[in-house]
Amino acid sequence: MSGGPGPAEPEEPYREVDATLARVFGLLGKRWTGLVLAVLTGSPTYFAQLRRAVPGISERMLSERLTELVEAGLVVRDVDPGPPLRVRYEVTDAGAALRPALTALSRWAEEHYPGT
């Protein structure tokens, strides 16, 4: 065991996480949410198209994420009674306002977080 001093305390106070940012990442930080939004900011999309556009997402998970996005006011759900019955999703103005942030994240990843 070392009897030396412990880690030095930072000289400047640390910055606490902003509550608003924590709330946003509580929703957008969930797996699949950003990808679903990225597809929807391109154009209104039917459920089956979304399922194909986001490889690996299950129908159950897609349904959960879409429900959360609708409840958050970022997406609207429109039922086309058909036949056949089809459900279309579209971003609201608030959801569309995320497009620049999603684009910036994509560019950042290309430059700083290359795939393996």
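Mentor: Let's start with a term: contact here means heavy atoms within 4.5 Å. Keep in mind that we're looking at a predicted model.

Trainee: Okay, which residues is Thr92 in contact with, leaving aside its neighbours within four places in sequence?

Mentor: Gly73, Leu74, Val75 and Val76. Thr92 itself is in the loop between β3 (86-91) and α5 (93-96).

Trainee: What makes the pair of Thr92 and the backbone oxygen of Gly73 a polar contact?

Mentor: The cut-off for a pair of N or O atoms is 3.5 Å. A polar atom of the Thr92 side chain lies 2.7 Å from that Gly73 oxygen, so the pair is within the 3.5 Å limit.

Trainee: And how do you know whether Thr92 is buried or exposed?

Mentor: Its relative accessible area is 18%. Buried means under 20%, so Thr92 counts as buried.

Trainee: Let's try the other threonine. Where is Thr41, and why is it called buried?

Mentor: Thr41 is in the loop between α2 (33-40) and β1 (45-46). Its relative accessibility is 9%, and the limit is 20%, so Thr41 is buried too.

Trainee: What does the side chain of Thr41 reach, and which residues does Thr41 touch?

Mentor: That side chain reaches the backbone oxygen of Ala38 at 3.0 Å. Not counting residues up to four places away in sequence, Thr41 touches Val91, Gly95, Arg99 and Leu102.

Trainee: Leu102 rings a bell. Which residues lie nearest the centre of the largest pocket?

Mentor: Leu102 is one of them, along with Leu28, Gly34, Leu35 and Leu105. The lining has 15 residues, and the pocket volume is about 440 Å³.

Trainee: Which element supplies the largest share of that lining?

Mentor: α2, with five residues. α1 (19-28), α2 and α6 (99-112) each give at least two. By type, the lining splits into eleven nonpolar, three polar and one charged.

Trainee: Now the sheet. How do you know that β1 and β3 pair?

Mentor: Pairing takes at least two bridges. β1 and β3 have two, in the antiparallel sense, so they pass. Tyr46, for one, has Arg88 in β3 as its bridge partner.

Trainee: And why are β1 and β2 (75-80) said to stand at the edges?

Mentor: The open sheet has three strands in the order β1-β3-β2, with antiparallel pairing. β1 and β2 each have a single partner strand, so one side of each is left without a neighbour in the sheet.

Conventions:
Residues are numbered from 1 along each chain as its sequence is written. This is a predicted model: local features need pLDDT of at least 70, side-chain atom pairs count only at pLDDT 80 or more; totals for chains, interfaces and linings use all residues. Side-chain values use heavy atoms; hydrogens and water are left out. Helices (H or I, at least four residues) and strands (E, at least two) are DSSP runs, numbered from the N terminus. Buried means under 20% relative accessible area, exposed over 50%, partly exposed in between (1.4 Å probe, protein chains only). A polar contact is a pair of N or O atoms within 3.5 Å; within protein, one must be able to donate a hydrogen and the other to accept it, and residues adjacent in sequence count only if both atoms are side-chain atoms. On a 1 Å grid over the protein atoms alone, a cavity is a set of points where a 1.4 Å probe fits but cannot get out, and a pocket is an open set with protein on both sides within 12 Å along at least five of seven lines; lining residues have an atom within 4 Å of a point. Grid points are joined across faces, edges and corners, and a volume is the space filled by probe spheres set on the points. Ala, Val, Leu, Ile, Met, Phe, Trp, Tyr, Cys and Pro count as nonpolar, Asp, Glu, Lys and Arg as charged, and the others, Gly among them, as polar.
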